[in-house]
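Here are some short exercises to work through with the structure open in your viewer. Try each task before you read its solution.

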Amino acid sequence: MMNIKKTFVLFLALSCAGVSCTDDFEKINLDPNRIEKISPGTLLNPIIYEMASFNTSRSAAFTFEIMQVSLPFPSPSGGEHRYDIGDNAGSSTWSTYYRWLTNIREMRAAAVEAQDPNYEAIALTLNAWVYSLLTDSFGDVPMVEAGRGDEGIFYPAFDTQQEIYMTILSDLETANGLFDTSRDMIYGTDILYGNKVENWQRFCNSLRLRLLLRVSKREEMDSFNKMAQIINNPAEYPVFTKNEEAAILQVSGVPPLVSPWGRAVDFRTGRAAAAFFLDNLNDLSDPRRERFVGEARMTDGVTSIGYKGIPSGYAGNDAQFDFIPSDLNIELVTAPMIAVIMGYAEVEFIKAELAQKSILSADAQTHYENGVKAAIRQWGIEVPADYFENPAAAYDGTLERIMLQKYYALYFTDYQQWFEYRRTGLPVLPKTEAMLNDKMVPVRFKYPSSVQVSNSANYRKAVEAMGGDAINTKVWWEK
């Protein structure tokens, strides 16, 4: 019996006698269950949604605890709010970011092949965003050889954080030059900006400001001069100028744009607002309180006592609290909701810090107040007319005042509160006797155990170069 494949080829050859049938054969020979070719827009929306969704959930699960926003309650012992950080606390971060970095790489390749500069610029921007989150979480990580298993590279070498930052900052410069606002985005409608190229460019340059400030302790990066060049030349380097331009994903609740919380009540159950987070909001008479949390009650469960949290890392048992603390507002995670990638307020606080340090010849108070107003309005809240008449809210010329308000502006923005605390040591967080790790805020995740096993040789090289694989091992830009 003749082989079926040979029979098919012979039939095709006979049918095509005297004509070229190569193209027809290739069409017939395709696997109908496999996407043969993606467009530059095929992966864009999944990347945006999945990354924003994951980061929102991690902000609540990790950043809230480490930065004294909220904590598990009751919490008799341990917990990340006591700096009890497990060896694999960063495992989901590592695996999730690398999964989407692979997709971003494919998106960029498709954009280059299609000769579409806007999609290439967006891919470069997204790549810089995700790699910055990854390296700021771990330190040295694979970059150049990452995601290249199809090329036979199964054990990627680690790149230093300095190399990674130099690459992504250069890529953001390249991306800014690629954006063409006169050219339409033709591969579907993106869920973040609705194909507004000018806003993608603003995100690119705003992100570049964030990352330049992050590494500003490293003199070799010349960060302050580069930031000044960007800010002083808005025609060439546009950045966010209002909330409507910010990278904030509107999660409608209509699939696939659904809340990261399948049950919104899980966001609130077993959690309490931290005293540090609420005490400052109370001092500020801040209108965000009722948006962020509910009111505390007496133990009768009915009588309200205002907005009151409990100390992070508290010592002793739960019986010491003679009230039911404020809990988290489930409306924050009930669609329609927002997932913050990067807000406009952050840009204003960057400008305020640069002005406070005399890097910019600008009015620090103006940028500070712009940042505060934007951060409040981002949550759909009006700014009280007398807000800055409160001495606790008025600009006092210090970095401490800027960073306290930036702390609230970065609420629910992935790991940014944590990263900025590591950069500045601000705001000053209270300590308790029950806190572990010598009462020090951890500065990184340990590498996942799966990486230690599967890529052991390169893992050991990275650990030696960084000076250890501990939660207190500082990354390059912290040293």
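## Exercise 1: Two helices that cross

α3 crosses α5 with left-handed geometry. The model you are looking at is predicted.

**Task.** Work out how α3 and α5 are oriented relative to each other, and find which residues meet.

**Solution.**
- Start with the ranges: α3 covers residues 44–66 and α5 covers residues 117–138.
- Next, take the geometry. The two helices pack at an angle of about 20°, and their axes are 12 Å apart.
- Angles under 35 degrees count as roughly parallel, and α3 and α5 are therefore roughly parallel to each other.
- Now look at the side facing α5: α3 brings Leu44, Ile47, Met51, Ala52 and Asn55. From α5 come Tyr119, Ile122, Leu126, Trp129, Val130 and Leu133.
- Sorted by class, this contact of α3 with α5 holds ten nonpolar residues, one polar residue and no charged ones.

## Exercise 2: A helix pair with another make-up

**Task.** Describe how α12 and α13 pack, and say how the residues of their contact divide by class.

**Solution.**
- Helix α12 spans residues 344–356 and helix α13 spans residues 364–377. Their packing angle is about 160°, with 8 Å between the axes.
- Over 145 degrees counts as roughly antiparallel, which makes α12 roughly antiparallel to α13.
- The crossing of α12 and α13 is left-handed.
- On the α12 side, the contact includes Tyr344, Glu348, Phe349 and Lys351. On the α13 side, it includes His367, Tyr368, Asn370 and Val372.
- The contact of α12 with α13 divides into ten nonpolar, four polar and two charged residues.

## Exercise 3: A contact with charged residues

**Task.** Find the residues through which α7 and α15 touch, and count how many are charged.

**Solution.**
- Locate α7 at residues 197–214 and α15 at residues 416–424; they pack at an angle of about 35°, with axes 10 Å apart.
- α7 contributes Arg210, Leu213 and Arg214, while α15 contributes Gln416, Phe419, Glu420 and Arg423.
- By class, the contact of α7 with α15 has four charged residues, alongside two nonpolar and one polar.

## Exercise 4: An aromatic pair

**Task.** Decide whether the rings of Trp94 and Phe138 are stacked or edge-to-face.

**Solution.**
- Rings count as a pair if their centres lie within 6.5 Å, and the model has 46 aromatic pairs by this rule.
- The ring centres of Trp94 and Phe138 are 5.1 Å apart and the planes stand at 90°, so this pair is edge-to-face.
- Trp94 belongs to helix α4 (residues 91–114) and Phe138 to helix α5, so the pair ties together parts that are 44 residues apart in sequence.

## Exercise 5: Backbone exceptions

**Task.** Find where the cis peptide bonds at Pro256 and Pro427 lie, and place Asp222 with its positive phi.

**Solution.**
- Keep the background in mind: most residues other than glycine have a negative phi, and most peptide bonds are trans.
- Pro255 and Pro256 are joined by a cis bond with omega of about 5°. Pro256 sits in the loop between β4 (247–251) and α9 (265–268).
- Leu426 and Pro427 are also joined by a cis bond, with omega of about -5°. The loop between α15 and α16 (449–454) holds Pro427.
- Asp222 is not a glycine, yet its phi is about 50°. This residue is in the loop between α7 and α8 (223–231).

## Exercise 6: Confidence

**Task.** Find where pLDDT stays under 50.

**Solution.**
- The chain averages a pLDDT of 93, and 92% of the residues score at least 70.
- Residues 1–34 are where pLDDT stays under 50. For these residues, the model has seven contacts beyond four places in sequence.

Terms used
Residues numbered from 1 in each chain as written. Predicted model: local features only at pLDDT ≥ 70, side-chain atom pairs only at ≥ 80, totals over all residues. Heavy atoms only, no water. Axes fitted to C-alpha atoms, helices over the stretch in contact; angles between N-to-C directions. Helix = DSSP H or I, 4+ residues; strand = E, 2+ residues; numbered from the N terminus. Parallel < 35°, antiparallel > 145°, perpendicular 65-115°, else oblique. Left-handed = near helix turned anticlockwise from the far one by under 90°. Contact = heavy atoms within 4.5 Å. Nonpolar A, V, L, I, M, F, W, Y, C, P; charged D, E, K, R; others polar. pLDDT = per-residue confidence, 0-100. Phe/Tyr/Trp six-rings, centres within 6.5 Å; stacked < 30°, edge-to-face > 60°.
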